[in-house]
Amino acid sequence: MTFENRDFRTFEALSEVKEGVASWKAPSNIALVKYWGKSNPQLPKNPSISFTLDNCRTETKVIFKKVDKTTDFQFSIFFEGKEKPSFRPKIQTFFERIEVYVPFLKEYYLEIHSSNTFPHSSGIASSASGMSALSLCIMSIEKQLNPTISEEYFTKKASFLARLGSGSACRSVEGGLIAWGEHPFIKGSSDLYGVSLPFEVNEIFHDYQDTILLIDKGEKQVSSTVGHQLMQGHPFAEQRFKQANQHIEELSKALINGDLDTFIRIVETEALTLHSMMMTSYPYFILMKPNTLEVIHQLWDFRKQTEIPVCFTLDAGANVHILYPKNYKEKVLTFIKNNLIKYCQNEHYILDNVGQGSVFA
Ligand code: PMV
């Protein structure tokens, strides 16, 4: 079933709930076909497909208590045990954006406790897992107020709310492979929320590995808000959006057939195109570091010599995600340890793999 904006507005509290707790663990995700460029409100200029990860997660607990309805949201935010006033503006903006869909929020005082399983400053964006976990908690409150909502509505609305917090967060609710953005090849796909791929994905992709090499753990040079804006008036934007649409269809077929050559070609093209877009926008940015390029070249040599189907992808930063089927784990990890970790900051890397999605904690 597909949902429209208006379906998520209908809200009727059937139960009286004075207080409670909602708690979720949501994973990060890594895009294979990238989302880069958006229009208001957080609608993607092209569809994207991602692997949901497993070990990189945000755990969020919301303790809620009924208060008299006021004109503003009442909440406090704790990160890893400490109150974090610096996180307030982002949460405030998020609540303002979703208010019409969850009008009950202003009737509660929310104490939000959040923590990440991945290192604090690893250069890994926590907005996807963080916004997804918070949206799921909000949906758990909605479910307590209205126990009749279906599981499908719950999941899709959680993804819908997460999208309004951070676009790619809508792909962090469910596990496996997720598509976000309308595309004729992906039945049921929507610009409003992420969906599980509506076809049987070859089993080689069920437990795909992602070893994240932390090349640069610093703050992001370009926020994704600025990054997406750079696609407005970008000289190659239209061509890029067209290419992403073609890639969705080609990648989907490769995922069905277990065609690793096509998978590798598209995933690496997407990573390099994302960075090319940043290099050819104005202002322009180079987010790769010399060590990013060292890793890529070494990986290509290794692939050529061994014929092991391992490839890389990049986010909007210098870190490298090394993607490979599980049956090559030992060989690839030996190669990474012997040849690549020297390019990582403090030799840090994270072992991850495709996961099952968010869990109620
Ligand atoms: O969700 P945002 O606004 O942080 O944008 C994410 C953009 C990329 O991570 C670069 C690509 C993607 O599809 O996840």
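A residue counts as buried when its relative accessible area is under 20%. By that yardstick Ser48 makes the cut, because its relative accessible area is 1%. Keep in mind that we're looking at a predicted model here.

Let's stay with Ser48 for a moment. Ser48 sits in strand β4, which spans residues 48-66. Its side chain and that of Arg171 are joined by a polar contact of 2.8 Å. Setting aside neighbours within four places in sequence, Ser48 also has contacts with Val33, Lys34, Tyr35, Ile178, Ala179, Trp180 and Ile248, besides Arg171.

Now for the ligand. Lys34, Tyr35 and Arg171 turn up again here, among the residues around the ligand. Also in that group are Ala31, Trp36, Ser166, Gly167, Ser168, Ser224, His228, Leu274 and Asp315. Sorted by class, this shell holds 4 nonpolar, 5 polar and 3 charged residues.

Here are some side chains with a polar atom close to a ligand oxygen, alongside the distances:

| Residue | Ligand atom | Distance |
|---|---|---|
| Ser168 side chain | oxygen | 2.7 Å |
| Ser224 side chain | oxygen | 2.8 Å |
| Asp315 side chain | oxygen | 2.8 Å |

How much of the ligand's accessible area does the protein cover? On its own the ligand has 380 Å², and the protein covers 93% of that.

Next, the greasy part. The largest nonpolar core runs to 77 residues, and Phe95, Leu110, Ile138 and Phe263 have the most contacts inside it. Helix α2 (residues 127-145) gives the most to this core, chipping in 10 residues. Take Phe95 as an example: leaving out residues up to four places away in sequence, Phe95 touches Phe73, Phe75, Leu105, Leu110, Ile112, Leu134 and Ile138. There's another core, apart from that one, with 24 residues, including Val310, Val320, Ile322 and Ile336.

Last stop, Asn319. You'll find Asn319 in the loop between β11 (311-314) and β12 (320-324). Is Asn319 buried or exposed? Asn319 is buried, since its relative accessible area is 8%, and the cut-off for buried is under 20%. The Asn319 side chain has polar partners on the backbone: it reaches the nitrogen of Ile215 at 2.8 Å and the nitrogen of Asp216 at 3.1 Å.

Note on methods:
Residues are numbered from 1 along each chain as its sequence is written. This is a predicted model: local features need pLDDT of at least 70, side-chain atom pairs count only at pLDDT 80 or more; totals for chains, interfaces and linings use all residues. Side-chain values use heavy atoms; hydrogens and water are left out. A residue is near a molecule or strand if one of its heavy atoms lies within 4 Å of it. A polar contact is a pair of N or O atoms within 3.5 Å; within protein, one must be able to donate a hydrogen and the other to accept it, and residues adjacent in sequence count only if both atoms are side-chain atoms. Accessible areas come from the Shrake-Rupley method with a 1.4 Å probe; for residues, only the protein chains shown count as cover. Ala, Val, Leu, Ile, Met, Phe, Trp, Tyr, Cys and Pro count as nonpolar, Asp, Glu, Lys and Arg as charged, and the others, Gly among them, as polar. A nonpolar core is a set of buried Ala, Val, Leu, Ile, Met, Phe, Trp, Tyr and Cys residues joined through side-chain atoms within 4.5 Å. Buried means under 20% relative accessible area, exposed over 50%, partly exposed in between (1.4 Å probe, protein chains only). Helices (H or I, at least four residues) and strands (E, at least two) are DSSP runs, numbered from the N terminus. Contact means heavy atoms within 4.5 Å.
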